[in-house]
Structures are given as structure tokens and as C-alpha cells.
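Colleague: Before we discuss the strands and the enclosed space, could you tell me what rules stand behind the words you use?
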Amino acid sequence: MNPDQPDPDSRILVPPALLEADLEPLLAEPFVQAWARAPQEVTGAVRGRLLQRLAASRTEDAPMHTVRRGHAPRETLAPGVQAQGLYRAQPGLSRGPGEPLRVRLLELAPGAILPVAALGALGAEARPGHGEWLVLQGRVQDAVLGVELGPRDYHVVPAGAGSPTWHTDTGALLFLRESDAPALPGDVAYTVRDGEAGWPEFAPGIRRRVLWQRLGQAALLYLADPGAQVPLHQHGHTEECLMVQGELFLDDLLLQTGDYQLAPAGTRHRVTETDTGAVLYAHGDLDLQFIA
């Protein structure tokens with residue numbers, strides 16, 4: 001689906017006659033970020049409603065942090081290893097419930113090694129924090145720890161535990177989320193394998209896999225059929241969404257494969273839906289807070 005060419009099922013229908021020069025910048029992708037100037041006075045009920053919808057969408061999107069993978073800068077961490085930053089918490093500021101410290105995509109060329117030291121420290125804390133790894137493409141292995149991961153395999157490392165040194169023969173794309181979640185007695189590193197975990201039913205057209213959970217927050221994978229949607233809900237914890245596969249609307253914003261959005265605690269999404277079907281990694285509330 002091309003987001004620049006709405007089909008008859010789109011939420012906002014714009015007759016061709018209304019696509020004048022003053023409206024074209026408002027309809028360019030990304031949808032809400034493009035509307036950066038005050039609207040000129042317009043006439044006609046349809047255009048008035050359109051501008052009201054654009055204004056409301058811009059207001060709702062303002063607290064969100066969205067990164068398009070294609071636009072995220074790249075940084076070389078080691079030979080054959082590049083990182084794209086998706087999020088980093090501001091030092092010295094209080095964080096919301098469930099807010100991560102740092103979130104990145106890590107791309108490894110065939111034969112590359114990702115040493116722990118290349119990941120860099122987080123603030124003054126020398127010991128590694130709570131780390132969550134998700135393989136998006138390719139395969140990686142750590143011979144010392146005896147861990148090998150393939151596509152959609154998830155590996156969690158508690159705070160203070162030994163982080164893996166990944167090597168890849170094929171090349172790989174990894175997602176890494178780091179937080180200050182403390183390790184509890186008995187916490188150990190573990191892996192959830194895509195081929196073994198299954199897809200428990202969650203809602204009509206949606207299946208959900210719980211990867212990790214603690215005190216009401218969780219790391220999750222969602223598998224959604226074409227046309228599936230989640231209605232209005234509020235976020236008790238910071239909600240992060242990474243598109244693993246497919247396309248998904250978060251309100252009026254279209255996320256595509258590799259795109260990421262962080263919604264702070266206290267915000268909400270009016271509707272979450274997919275036309276194509278999607279696989280989505282999410283970190284947020286274990287139990288969604290629906291609003292009637």
C-alpha cells in the first residue's frame with residue numbers, strides 16, 4: 001500500500017478537486033510531521049474538516065517519538081558493524097514508567113563480530129543493564145555462551161549478567177533494547193525461539209507472544225491478520241512499537257518494516273490497525289488499558 005495514494009478504504013477521503021497547492025504539503029508523507037505551518041483560511045465544509053483532522057492528528061502525535069529506519073543515521077561500532085539509534089533517554093531527566101535507556105538497530109555484515117565493548121556504556125554505570133535482543137534478519141551465535149539465534153528469536157540478558165559477543169556468518173540485523181530494570185534473585189539469561197514459542201490467541205485476528213514480563217510491563221510479539229485492529233487504549237507504561245514485518249497504522253501514522261515509535265506513559269492510541277497483516281514487537285503494558 002502506498003501511503004501517498006489513499007485508497008477508497010482510507011480514513012481520510014480527499015476528492016481530487018481539493019488537492020490544491022495549499023493542501024499538497026499537508027498530505028505528504030510522513031503525514032503529521034509535514035503539517036508544520038499554520039493553515040491558511042479555507043472555505044468549504046470538507047476542507048475545514050480535513051484541516052481540523054490534520055490539526056488533531058498533529059496534536060496527538062506531538063508527544064510520540066517516531067523514527068523511520070530509512071532516515072536514521074548510521075554509526076560504525078566495529079568492523080562490519082553499524083548501529084542506528086532509535087531512542088536514547090535524556091540524561092538527568094526523570095523517566096516515565098517502562099521507559100528504556102537506549103534502543104538501537106545493529107546491522108552486522110557477513111563474518112562480523114560485535115564485541116560487548118563496542119556497544120558502549122550507559123552513563124556512569126559500567127555494568128551492563130537489562131538487555132533484550134531480537135533477531136530481525138540472519139543468524140548470530142556466541143560460541144562461549146552456547147547461544148545461537150535466528151529470525152524472530154528473542155534473547156534477554158538480566159542486568160549485570162555477561163552480555164553476548166555476537167558473530168555472524170550470514171550477516172544479521174538485530175534489535176537491542178537496554179533498560180535499567182533490576183535483576184531479581186534467580187534471574188538468568190534465556191531465549192524464546194520463534195519456531196517453538198507458538199502464537200496464543202489474544203483478540204479477533206491477533207495472536208500474541210509474551211517474551212518477558214515484570215510488574216505489569218512486558219516485551220511482546222504480535223501477529224496480526226489483514227484488517228485486524230485494536231481499539232482506543234491508554235498507555236500505563238511507555239509503549240514501544242517496532243515493525244518487524246508488514247505495515248501498521250498507529251492512528252494516522254503508517255509504520256513500515258523497521259520503523260519505530262515510542263509513546264510515553266499517559267498517551268493513547270485511538271486505533272491500531274493493519275491492512276496488510278503485520279508482525280510487531282511491542283514493549284509496554286502486559287494488559288492493554290482499553291477506554292470505552
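Modeller: Two strands are said to pair if DSSP finds at least two bridges between them, and strands themselves are DSSP runs of E, at least two residues, numbered from the N terminus. This is a predicted model, in which local features need pLDDT of at least 70, side-chain atom pairs count only at pLDDT 80 or more, and totals for chains, interfaces and linings use all residues. Residues are numbered from 1 along each chain as its sequence is written, and side-chain values use heavy atoms, with hydrogens and water left out.

Colleague: What is the strand order of the open sheet of seven strands?
Modeller: The order is β2-β3-β4-β11-β6-β9-β12, with antiparallel pairing.

Colleague: What makes β2 and β12 edge strands?
Modeller: β2 (74-78) and β12 (190-192) each pair on one side only.

Colleague: How do you know that β3 and β4 pair?
Modeller: Seven bridges join β3 (residues 81-88) to β4 (residues 102-108), and at least two are required, so the two strands count as paired. G85 stands opposite R104 in β4.

Colleague: Why is the largest space called a cavity?
Modeller: On a 1 Å grid over the protein atoms alone, a cavity is a set of points where a 1.4 Å probe fits but cannot get out, and lining residues have an atom within 4 Å of a point. About 240 Å³ of space lies in the largest cavity, where a volume is the space filled by probe spheres set on points joined across faces, edges and corners.

Colleague: Which residues lie nearest its centre?
Modeller: Of the 22 lining residues, these are Y222, V230, L248, T272 and L280, while β23 gives the largest share of the lining, five residues.

Methods: On a 1 Å grid over the protein atoms alone, a cavity is a set of points where a 1.4 Å probe fits but cannot get out, and a pocket is an open set with protein on both sides within 12 Å along at least five of seven lines; lining residues have an atom within 4 Å of a point. Helices (H or I, at least four residues) and strands (E, at least two) are DSSP runs, numbered from the N terminus.
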